[in-house]
Amino acid sequence: MSTADGLQERLGLNSDVSLGLKTAAVLTYVFLYGPIFVILVMSFDAGRYGLRWEFSPEWYLNLATRGDLIGSLWLSLQIGVVVMIVSTVLAVVAAFGLVRFDWPRRKGALSTYLIFVPLTLPIIIYGIGLFVFFSQLGLGRGFIPIVIGHVMYTFPFATLVVAAGVIDLDRSLEEAAMDLGADPITTFREVTIPALMPNIVAAALFSFTLSFDEFLISFFVSGAGSIPLPVRIWGMVRADIEPEVYAISVVVLVISMTIAVIATRLRRF
């Protein structure tokens, strides 16, 4: 197999496809991954503006001295973990409620709609609404409002992933366990949850990734003492891009891609 044929196979391009479609496919990949490649290259550039590229790990080394960036990264990780746990637990409950509960016809459709309609809403509506809501309650802006806002945003996505597993779950396994003397709680713990574990873990990782990268909700409900990493980066690029932004962006990219790959692998089992 030639190098060109191997590249076509890796990109998913059939040899019988016309040149125009191949070109469009390649341009699509360039459009999607070009900005990421630029950030990666700039993170190792000794210059500030890329006018003359010279390899240097300086900006990565400078991250150790940037307490603001490290603090925001740690805060985003904490928020992501809390949101991941809360969203996943709620998603499991909601998924079983939607799939297994014998809803009346109209109420079942309404319940499903109420859970999944947030998927269609602009995120900025969440941000503005949460900002006004928490201001009226006197909670202000900070860690708790960010967590609540992120849970509201990630919960429907996690529910979709878990509900797909519940729908595909072979109920005969649960029935067999109960026929052998297991009570419903034991069956749920020893049979149902292990069978759904790939979906549950995928939903958890998906929730963490969405929370970790979320900007708009964090922008409206974060306070001076609790600034997540996306909001911190936005503040650093408003007037002039600080080179450390390139390095921290690559760190975030590696974290997000690692989680996405793990979630994708788990969904195959």
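Modeller: In what follows, a residue is called buried when its relative accessible area is under 20%, exposed when it is over 50%, and partly exposed in between; the model under discussion is a predicted one.

Colleague: Why is Ser226 called buried?

Modeller: Its relative accessibility is 9%, and because the limit for a buried residue is under 20%, Ser226 falls in that class. The residue sits in the loop between α10 (216–221) and α11 (229–237), and, leaving out residues up to four places away in sequence, Ser226 touches Leu75, Arg141, Gly142, Phe143 and Ile146.

Colleague: Why does Ile144 count as exposed?

Modeller: Ile144 has a relative accessibility of 52%, and because exposed requires over 50%, the label follows. This residue lies in helix α7 and is one of the residues of a nonpolar patch on the surface.

Colleague: What makes that group of residues a nonpolar patch?

Modeller: Membership calls for over 30% relative accessible area, no salt bridge, and nonpolar side chains joined within 5 Å; the residues that form the patch are Val81, Val82, Ile85, Val86, Val89, Leu90, Val93, Phe143, Ile144, Ile148 and Met152, which together have about 870 Å² of accessible area. Two or more residues each come from α4 (67–100) and α7 (143–168), and the largest share, seven residues, belongs to α4.

Colleague: How do you know that the buried residues of α6 are on the same side of that helix?

Modeller: The buried residues of α6 are Tyr126, Gly127, Leu130 and Phe134. They cover an arc of only 95° around the axis, and that is why they are placed on the same side of α6. As a rule, an α-helix has 3.6 residues a turn, so residues three or four places apart point the same way. The buried residues of α6 pack against α7 and α10.

Colleague: What span is expected for α6, and what does the model give?

Modeller: Helix α6 runs over residues 123–137, 15 residues in all, and reaches 21 Å from its first C-alpha to its last, which is close to the 21 Å expected at 1.5 Å a residue. Just after α6, Gly138 takes a positive phi of about 80°.

Colleague: What makes Arg100 and Glu174 a salt bridge?

Modeller: The criterion is a side-chain nitrogen of Lys or Arg within 4 Å of a carboxyl oxygen of Asp or Glu; the closest N and O atoms of Arg100 and Glu174 are 3.0 Å apart, and the pair therefore qualifies. Arg100 lies in helix α4 and Glu174 in helix α8 (residues 171–179), so the pair ties together parts that are 74 residues apart in sequence. More broadly, side chains of opposite charge can pair when their charged atoms come close.

Colleague: Which accessibility classes do Arg100 and Glu174 fall into?

Modeller: Arg100, at 24% relative accessibility, counts as partly exposed, whereas Glu174, with a relative accessible area of 8%, is buried. Apart from its neighbours within four places in sequence, Arg100 is in contact with Ala95, Val166, Leu169, Arg171 and Glu174; the C-alpha atoms of Arg100 and Val166, 66 residues apart along the chain, are separated by 8.3 Å.

Colleague: How many salt bridges does the structure hold, and what qualifies the one between Arg66 and Asp68?

Modeller: There are four salt bridges in the structure. In the pair Arg66 and Asp68 the closest N and O atoms are 2.9 Å apart, and the limit is 4 Å. Arg66, with a relative accessible area of 16%, is buried, while Asp68, at 28%, is partly exposed. Another pair is Arg189 with Glu190, whose closest N and O atoms are 3.2 Å apart; Arg189 is partly exposed at 46%, and Glu190 is partly exposed at 49%. Salt bridges that share partners also join Arg66, Asp68 and Glu244 into one network.

Colleague: What are the secondary-structure elements of the chain, and what share of its residues is buried?

Modeller: The chain has twelve helices and zero strands. Of its 269 residues, 37% are buried, and among the contacts with a separation of 6 or more, 72% are between residues 24 or more positions apart. The accessible surface of the chain comes to about 15,900 Å², and 69% of it belongs to carbon and sulfur atoms.

Note on methods:
Residues are numbered from 1 along each chain as its sequence is written. This is a predicted model: local features need pLDDT of at least 70, side-chain atom pairs count only at pLDDT 80 or more; totals for chains, interfaces and linings use all residues. Side-chain values use heavy atoms; hydrogens and water are left out. Patches are made of residues with over 30% relative accessible area and no salt bridge: like charges are joined within 9 Å, nonpolar side chains (Val, Leu, Ile, Met, Phe, Trp, Tyr) within 5 Å. Accessible areas come from the Shrake-Rupley method with a 1.4 Å probe; for residues, only the protein chains shown count as cover. Helices (H or I, at least four residues) and strands (E, at least two) are DSSP runs, numbered from the N terminus. Buried means under 20% relative accessible area, exposed over 50%, partly exposed in between (1.4 Å probe, protein chains only). Contact means heavy atoms within 4.5 Å. The expected span of a helix is 1.5 Å times one less than its number of residues. The arc is that of the directions from the helix axis to the C-beta atoms.
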